Every structure is written in structure tokens, then in C-alpha cells.
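I'm opening a fresh notebook page for this one. Plan: go through the model and jot down what I look up as I go.

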2 protein chains.
Amino acid sequence: MTTSTALKTRPLEGLRVIDLTRALAGPYATLLLAGLGAEVIKIEDPKHGDLARENSPYVGKNGVVIEKQHDDDVSVSHLTRARGKYGISLDLKKPGAQDVFLDLVKTADIVVENFTSGTADRLGVGYEASKAVNPGVIYCSLSGFGATSKEGGKAMDIIIQALSGAMYASGAVNEPPVRIGIPIADMLAPVFSVIGILSALEQRHKTGEGQHIDVSMLGALTSFVAIENWAAMEAAGMQARTGLTVQRLSPFGVFECEDGYIALVAVHEKLARGLFRAMENEKLGEDPRYSNRDARVANANTLEALITAWTSQLPVSEVVSRLEAQGVPVAPVRHPEEAMNDPRVASRNETNPVAHPKYGTVDNFHTAGIPILFSGASTGFDDVLPVHIGEHNEKVLTEMLGYSQEQMQSLMETGVI
Amino acid sequence: MTTSTALKTRPLEGLRVIDLTRALAGPYATLLLAGLGAEVIKIEDPKHGDLARENSPYVGKNGVVIEKQHDDDVSVSHLTRARGKYGISLDLKKPGAQDVFLDLVKTADIVVENFTSGTADRLGVGYEASKAVNPGVIYCSLSGFGATSKEGGKAMDIIIQALSGAMYASGAVNEPPVRIGIPIADMLAPVFSVIGILSALEQRHKTGEGQHIDVSMLGALTSFVAIENWAAMEAAGMQARTGLTVQRLSPFGVFECEDGYIALVAVHEKLARGLFRAMENEKLGEDPRYSNRDARVANANTLEALITAWTSQLPVSEVVSRLEAQGVPVAPVRHPEEAMNDPRVASRNETNPVAHPKYGTVDNFHTAGIPILFSGASTGFDDVLPVHIGEHNEKVLTEMLGYSQEQMQSLMETGVI
């Protein structure tokens, strides 16, 4: 299942990450680090492991199944998020587990956790404990509201979407808000976590010292929402949300075709003229209602009705090719599956096939890749994944840390691993 | 307008960035680098400058205005995206401009551009030209479909949203797709560009060599969409989009109140019981239709109707406080303005006040901050911003590069700067 693009080295090779994360946000951060070449050691509870292991469907001997049937059937969630990671078991609530964790930290460059705020310290695996054994360690905490927050509780993606304004900003005036169909709050915080970690690595080259990085899901998504000038738009009498089209940029937006939808952008004069030609209605450009940008914005409603009257009679493919021929930016609104099979994307490893370590790839199953191409480095995942909880205990604890067979025996007997 | 959190150093201090970007995607990448401490030198066309300078509204002497009135009125877009950047003018189409650009590159660590694919090379300011004068330079190209693409044309945010599947995944079955109200395609590509740049910096510490980084808007957003297992969901008979609620997790979703909307998550037994108590209808937990998770999913329609009957009679604040009292994850669906004024976010500098260099902050105007907190470093923007095109020509070309007054005179006379 190696998806490295070439035999070039990866940019983060030589760095070791201790991964305390579970679910989606944290594991996506360490997935990015793994794909960039870092060696990731994932720590799981010996009994239950990562929550993502329980997400249906599963992939295994009998292909895709809704209920787990065999010992080596693996949840698609785990299969995709644990790529390129070694997996060890460690019950952080057992005495002695902290020693194992700190032995790992001594050898590491980076630690990542996404417990609820304060939990890592309570378990004895927080930044202070880590720094005491390795002052160079870069320790990243990823949480709902930040490590500075007193609020407990799980910060699910939908809760953060609601609080951030992202839901409100989507959809149409006088319509309900829109739940965005991709988990952007869960995904953005890890992306900023990786930026924080890499920035701290750069600083460590100068100072030799590590530090604590603290990223919140609410902050990451709200900072994105904040790029639009909402107060300025309000001051200028503009709506915070305008549905499928944006009338102040008319013609601009999503239009219904016979068999689907397309998005088009024809804000500027040349593009608007191109649209009218594609509509075989070139004289619209001479109509005082549509002959310049201000007029088109003022008459956006009737203009949009004319466009819809045209698009709704034609298939998506026809509308797209007619507009492309006129140089008007246009795209079909695609199903996610179509999107991730796009050869432009798959060939750049921006999406990757899903593969079971033992049973190989699954037809048409795709997952997130590393959407960055390096001229002097490769990206991709080592051929390693913990199918079973604690699968790499021997590799990590004996080979890497040098634990004796007696120590391993004792850790197993006491249920620490 | 310095928004540094402390007097600590910033993690990327000492790095110099040459910034050829315009509009949103590219400038957001260099904005993140500036906020992390890099010195950014923004290059603008002497005549028109960055497109973002023309976006209404403007801020200046008379506060917020829709049309530019004074020479130092600045578009809110430019005011927020050019923070912490030096600005010089350079007409890349004039002979001699390449020499100035390459003199800058000789002193730089990083170059970022977001011209359409191939344009930078054509202008003589691409990676090969840059590498020839500085083999250590890390040169990042940000484009719609990637530097490997033959497709020209502008890749606007809405086009990429349509192609990536993100639009399709949002909204309800049998309803149109949803244009997401924040420019996620424009914003994600720069975030991955920064990860690429910082990863290449890490590699440079080992090799001494720079490289070319190539990030596409389509790839960045599609990789996000790809984290959900769409083919697996389809194989399992699940819809790609389910609107405001997700019935397979019921009760889960957005519900209408008397004066707005809330999001709630009560998937697990304890949370569902908490919801029923908040509804003052505890006996629902004994009703065989709602007494366990499978039953609730099977009867999601009637359960959602019961919840809406309750929420729709009460204000948002009341529903939120009743659910919070029962430990059920809940949040109001907030307007973006309310979100960016949240003290949890503002106090962490995840959003920043908007300020004009001469006229100060604007009431209630907020913009994107750096959503990463470092224990051993600060973030924030130097008190510098090119109000006028070429404002820092003297500072950059004379002071930093050591150009003589004769050289400056000649560059001005020939219209190069």
C-alpha cells in the first residue's frame, strides 16, 4: 500500500512523532506528518483502541461488510486514518504506563494529543511531563476551544460549525442555515496544528528548545470565516448569505440544468458577453438591462431567470462545453466520488486508493492524500498500519526502546500494554 | 496595529519571503507566513497593484465608505490581507524587472506565486530562474489545478467547490447543491502551501537545497472531501448528503427554535436521555421507538418531529441552557459577526481587529488571525502595510538591496518600479 510518488526522500524523514490522538481531528494531523515522512507511533488503549475502529463499514477477507465478521476486518475509517503509523497498546490509566510513554518521548521530536482540555496532564502525559524528560520536544494539543479553555465537553464538528458562523454563511436568505457536508472543523484544526509543529521545528533549529502548541477547532474555523469582511458587508447593506448565486457579482453562481447543476462565473464584461454568445442570445449584451456590470447587478433577478431558462433545457455536459468554448469559467457540480476519481487529482496523489494491508485495494474506494507536490521530495505512506491493537509493541518497545523480554512480559501481565 | 501576543520572538523570524501573489489564495499564504514572523516583501504592478485593492468597501479618514474618496482610503480586503507585508512596485513585463526580482531572490528563503500555471516562467520569475541565482530558495506555486496542468483559465473558489464534491455533499436529498458561504477552496490551498514550504525548510536544514512546491486548489479541497468514505457510504446504502440532520446518528443535527437555530448531538444513550429530560419528556426513553440507539435511528423522522415541536416553541438561549444543564452537546447557530467577536476566539488572537495604519481600528471589524498558540513564541503582524503601491521601494531596494539613487532613478524613469 505504499503510495510514495518516487524513491526520493520525504521532507520530514528522521522525525519521530508520538501519537496520542483518536477519532478524526488528531489522527488527521499525524496522518499528514506520516505522509510527509515522519515516523508516527500511535498509542491505543489495549481494550478498545481508537474509536474510529468501530465505524462501519469494514474492509477485509469478504470485501466491504457492514458488520465486522473476521478478526482482521478493519473499519474504513481506521484503514484510512492509521496509514503509515506504527500502533502500540498502552493503558494510560495503569501505573507504569507513564514510564513507557516518557521512554518514547525521550526518543521523539513531536507529541500530538487531542484529549479534552486538561486530560493529558491529568493522565501524566502532558507537556510538562514530556518537557521534563525531553526539553526539545514539540508537544501539540488539539482541542475544541483551546488548552486555555475551562470548558469540558466534546466539541463535535457540527457544534463548531454552528458556533463559527460557517453554517449561517451558507444557504439562502430566509432559509435555514446549512450543515456543511464535509467535517471542516475536524479537518482544519489539524492542518493548523501541522503548521504550528513545523514552525516550532524551525524555531528549534535556532534555539534547541521545544515548546507547547495549542490549536482549537473553534479558533481554526472562525479564523477562516473571518477572512470575509462580514461587518463591512453589513455596513454596505450586503447579505451575509445569498444562496446559490451572488447578485452583486451577477452573473455568478450555481444554475440548474436538465440533469444536474453547473457553477459559472461571468462577472466581467468579456465573460458576460461570452455567456450571452453561449446562450445564442448575443443581443442581451446590447440590452440596456445587461449591457454593463452595474446594469447586470441591478437586474440580476431577470438575468438569472434568463440563464436558468437556458441551462434547464440542456444537459450539464452541453452547458459546460458551450461555456468553455466561449472561455467562461464553468464547472459541473460533481458528486464527491466523481471528484476523487478525477485523474488530475488521483495522478497527483491528492487522493489515494484505500487498501487493506492483507487484502489489497478496494475498487473505487478513495481517501485523502497529501495535496502538496515537492520537486525535491516525495510524499506517501510507509507500508505499515496497526490492523490489531498493539500490533507493533514488539517492534517499538523491544527494537526501538530496547525493552527486555522480562519487561515486556511484566507490562503485559499488569495490563499496561 | 501590532497584534503580537507578547514580546517573545515569532517562530519564523529571520526568514524572508518574496511575494508575487494577488487576490486571495496566494496572499493568505504569505499572510500566515508574516503572522508567524517571516519578513514578507509583496510585489505589485506599479499601475494597478493587487486586485484586492479595488474591493469595496474602503476604510480611511471618513471611516467606512463604499466608494474610494481619499488617496489613503484602503479596501478592507487589502487592509486585512497585506498586514505585516512590505510593498514594492515592479512591472514584471518591463525589461530589467527580472534583475530586480532576482536580486531580491538572492536574499530570500521563500518565493510564493499564484499566477495561472506557466505564467511565472513566461515572465522570467519562475522556479528555474530563481534557483539559478539561489539554489537554497523554496519556491511555492499555488494554482487552480496544479503546475502540472495544461489547463489555463482562472480557477475561482466557486468552480473548485463545484468540482471537488464539497457543494454536492452539503444540503438535503432532492434539493439543489449548496454554495458554501466561506471561500474554502481559496483558503485551503494556501494552508497546504504553508505546510509544503515549512516541510521543505526542514528538509533544507539537512540538504542545504531548496525546491519547488506545487499546490492546487482542486487537490487541496478534494483531499478534504476524500476523508469521508463516499463509496463505502454508498455501498452501505447511505446518502451522500442528508440536510440538517443525520438520521443514522439520530438525534443529531440542526433544529429550528423560535428565534433561530441550534445544533445538537445526542447520539449515545446518556445524551439521548439528557435530551429527553431537557424536553421534560423523560418517558420517551422508555418508549420502545426511542429506548435505544437502533430504535431511535429507525424512528428518526418522528423523533426529529418531536424535538422540533419542542425547540420551535422556545428561544435559542433557553434550548441551549436546558440542554447544557443536561450535559448534551449543543450550540447556537451564530452569525459570523457574533462568532468572530467571541472572547474565546478574540482573546487567543484567532481573530484580529481590522486597523488602518493611519486611522486606527474600525469598530467591530474583525479579520483572520493566526489560530495557533505557541508557549515559546508569539504570533502577530509587524506594524507595516503598503497603503500605496510601492510604498516600501526605498526601504527594500535601497536599504535592503543597496541600490544606489542613480539605479532607483533609472528604474523609476523606465517604469520598472
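**How the two chains meet**

I began with the interface: 100% of chain B's interface residues are interface residues in chain A too, so the copies meet through the same surface. Worth keeping in mind throughout that this is a predicted model.

I looked up the head count next. Chain A puts 123 residues into the contact, and chain B puts in 123 residues. Between them the two chains bury about 10,400 Å², with 69% of that on carbon and sulfur atoms. Which three residues of chain B supply more of its buried area than any other three? I found R179(B), F224(B) and I227(B), which together supply 7% of what chain B buries against chain A.

Then I checked charges across the contact. I get 2 salt bridges between chain B and chain A. One of them pairs the side chains of R348(A) and D214(B), at 3.0 Å from N to O.

**Symmetry**

I superposed chain B on chain A: the rotation is 180 degrees, the shift along the axis is 0.0 Å, and the RMSD is 0.0 Å. The two copies are therefore related as by a two-fold rotation axis.

**A three-stranded sheet in chain A**

I picked out an open sheet of 3 strands in chain A, ordered β10-β11-β12, with antiparallel pairing. Why do β10 and β12 of chain A each have one side without a neighbour in the sheet? Both stand at the edges: β10 (252-257) and β12 (330-332) have a single partner strand each, so one side of each stays free of a sheet neighbour. On average, neighbouring strands here are turned by 25 degrees against each other, direction ignored.

I zoomed in on one pairing. Strand β11 of chain A, residues 260-265, is joined to β12(A) by 3 bridges, and the two run antiparallel. For L264(A), I noted V330(A) as the bridge partner in β12(A).

What lies across this sheet? From chain A, I found helix α14 (residues 316-325) across β10, β11 and β12, running at about 15 degrees to β11(A). From chain B, helix α6 (residues 157-164) also lies across those chain A strands, at about 20 degrees to β12(A).

**Confidence check**

I left this for last. Chain A has an average pLDDT of 94, and 98% of its residues score at least 70. Residues 1-6 of chain A fall below 50, though the stretch has 18 contacts in the model beyond near neighbours in sequence. Note to self: where pLDDT is low, the predicted coordinates should not be read in detail.

Methods
Residues numbered from 1 in each chain as written. Chains lettered and ligands numbered in written order. Predicted model: local features only at pLDDT ≥ 70, side-chain atom pairs only at ≥ 80, totals over all residues. Heavy atoms only, no water. pLDDT = per-residue confidence, 0-100. Contact = heavy atoms within 4.5 Å. Pairing = 2+ DSSP bridges. Helix = DSSP H or I, 4+ residues; strand = E, 2+ residues; numbered from the N terminus. Axes fitted to C-alpha atoms, helices over the stretch in contact; angles between N-to-C directions. Least-squares fit on C-alpha atoms with pLDDT ≥ 70 in both. Buried area = accessible area lost by both parts, 1.4 Å probe. Salt bridge = Lys/Arg side-chain N within 4 Å of Asp/Glu carboxyl O.
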